[in-house]
Amino acid sequence: MATRNVVLTRILAVAACVTFLLIVAGEDASQDAGRKESSASDDSSSADRGPAPAHASPDSVHVLVNKRNPLSPRDYAPDDLRNVDAPHEFADAPLREEAAGAYEELHRAAVEEGIELWVTTAYRDEDFQQTLYEQRRLQDGPEAADRVSARPGHSEHQTGLAVDVADLQDRECYLHPCFGDSAQGRWLAEHAHEFGFIIRYPEGAEAITGFHYEPWHLRYLGAETAEEVHESGLTLEEFWDLPPASDYAEAYDPDHAEAYAPD
Ligand SMILES: [Zn+2]
């Protein structure tokens, strides 16, 4: 009788231990899952996870396009383009509605201060960008082309949020870094952010942005964000804590080989 009681007590003790261990293990497992979930959400803006949704969405005014972040889809085209109502060099100067309105305000303010500005190019579609890039590649070679011309799908101009400007009365610094020292370039560096634009490719930031200094290339971000970026003195990649994009991850692979081949 006594032996049976001892055995029974041991069986109950072992069962209680196993139950305890199972409960503890279960708690551990669920806590672990909780940690993983929270760490995943904490890391969502971290550099090694790639752009957050707003930076990846081509319809967002916060989309980030660079050598490491192509537009998705690559042939994206905005559906709210319209010509800016301001002087432009070529027949068309389309921007997305919000950016077009902001550029018109910027232009009016510039003119009031005696600064004449013309839009050179604004929106460019994927095919046109491919033609431009391939011309440059044939003319200057792949390395030089990649420093000055974006590959199709990687150009901010394809977002409808970027615009190149110039002084057509004095073309000496037309799409040239010396535009930054012109009256127009200085005015833009000081005031573009007030209208929602930044100088997207600042001087000395090629290792981050992937492009040489382009004081003529304005990128629309909305007034609030443009102000913050301007005040920070950072590139857009740094401001959003996203990886630098000095080069492409892959070799150029045109979809249309016949368009790339010289004839
Ligand atoms: Zn540009």
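Two strands pair if DSSP finds at least two bridges between them. By that rule β4 and β6 pair, because 3 bridges join them. The model described here is predicted.

## Overview

The protein chain has 10 helices and 6 strands. It holds 263 residues, and 32% of them count as buried. Take the contacts between residues at least 6 apart in sequence: 67% of these join residues at least 24 apart.

Confidence varies along the chain. The mean pLDDT is 84, and 78% of the residues reach 70 or more. Residues 11-47 have pLDDT below 50. Beyond near neighbours in sequence, that stretch has 8 contacts in the model. Residues 256-263 also have pLDDT below 50. Their stretch has 6 contacts beyond near neighbours in sequence.

## The sheet

Which strands form the open sheet, and in what order? There are 4 strands, in the order β3-β4-β6-β5, and the pairing is antiparallel. The edges are β3 (118-119) and β5 (197-201), and each of these pairs on one side only.

Strand β6 covers residues 214-220 and runs antiparallel to β4. Ala162 has Arg219 in β6 as its bridge partner. Val163 stands opposite Leu218 in β6. β5 and β6 are also antiparallel, and 4 bridges link them. Here Phe197 stands opposite Tyr220 in β6.

Is β6 mostly covered or mostly open? β6 is mostly covered, with 7 of its 7 residues buried.

## The nonpolar core

The largest nonpolar core has 43 residues. Those touching the most other members are Val84, Leu95, Tyr103, Val163, Ala192, Phe197 and Leu218. Two or more residues come from each of α3 (97-112), β4, β5, β6 and α8 (223-232). Helix α3 gives the most, with 6 residues.

The core and the sheet share residues. Val163 and Leu218 are on the core list, and these two stand opposite each other across the β4 and β6 pairing. Phe197 is on the core list too, and its place is opposite Tyr220.

Tyr103 shows who meets whom in this core. Leaving aside neighbours within four places in sequence, Tyr103 is in contact with Val84, Ala86, Leu95 and Val163.

## Loop residues

Several loop residues deserve a look. Their surroundings are set out below.

| Residue | Loop | C-beta neighbours within 10 Å | State |
|---|---|---|---|
| Thr159 | between α5 (142-148) and β4 (162-166) | 25 | buried |
| Tyr76 | between α2 and β1 | 19 | partly exposed |
| Leu175 | between β4 and α6 (183-191) | 16 | partly exposed |
| Asp241 | between α9 (236-239) and α10 (257-260) | 11 | exposed |

Why does Thr159 count as buried? Thr159 has 25 C-beta neighbours inside 10 Å, and a residue is buried at 20 or more. Tyr76 counts as partly exposed because its 19 neighbours fall short of that cut-off, yet exceed the 12 or fewer of an exposed residue. Asp241 has 11 such neighbours, so it counts as exposed.

Thr159 has partners elsewhere in the sequence. Not counting residues up to four places away, it touches Pro58, Val63, Val65 and Leu71. Thr159 and Leu64 are 95 residues apart along the chain, and their C-alpha atoms are separated by 9.5 Å.

Tyr76 also makes contacts beyond its sequence neighbours. Outside four places in sequence, its partners are Pro58, Leu71 and Gln158. Pro58 and Leu71 are touched by Thr159 as well. Tyr76 and Gly153 are 77 residues apart in sequence, with a C-alpha to C-alpha separation of 7.8 Å.

## Backbone details

Which peptide bond is cis? The bond from Ser72 to Pro73 is cis, with omega near 5°. Pro73 lies in the loop between α2 (53-56) and β1 (81-83). Tyr76 is found in the loop between α2 and β1 too.

Two residues other than glycine have positive phi. Phi is near 50° for Leu175. For Asp241, phi is near 55°. Leu175 sits in the loop between β4 and α6, and Asp241 in the loop between α9 and α10.

Notes: Residues are numbered from 1 along each chain as its sequence is written. This is a predicted model: local features need pLDDT of at least 70, side-chain atom pairs count only at pLDDT 80 or more; totals for chains, interfaces and linings use all residues. Two residues are in contact if their C-beta atoms, placed from the backbone, lie within 7 Å. A nonpolar core is a set of buried Ala, Val, Leu, Ile, Met, Phe, Trp, Tyr and Cys residues joined through C-beta atoms within 7 Å. pLDDT is the predictor's confidence in each residue, from 0 to 100.
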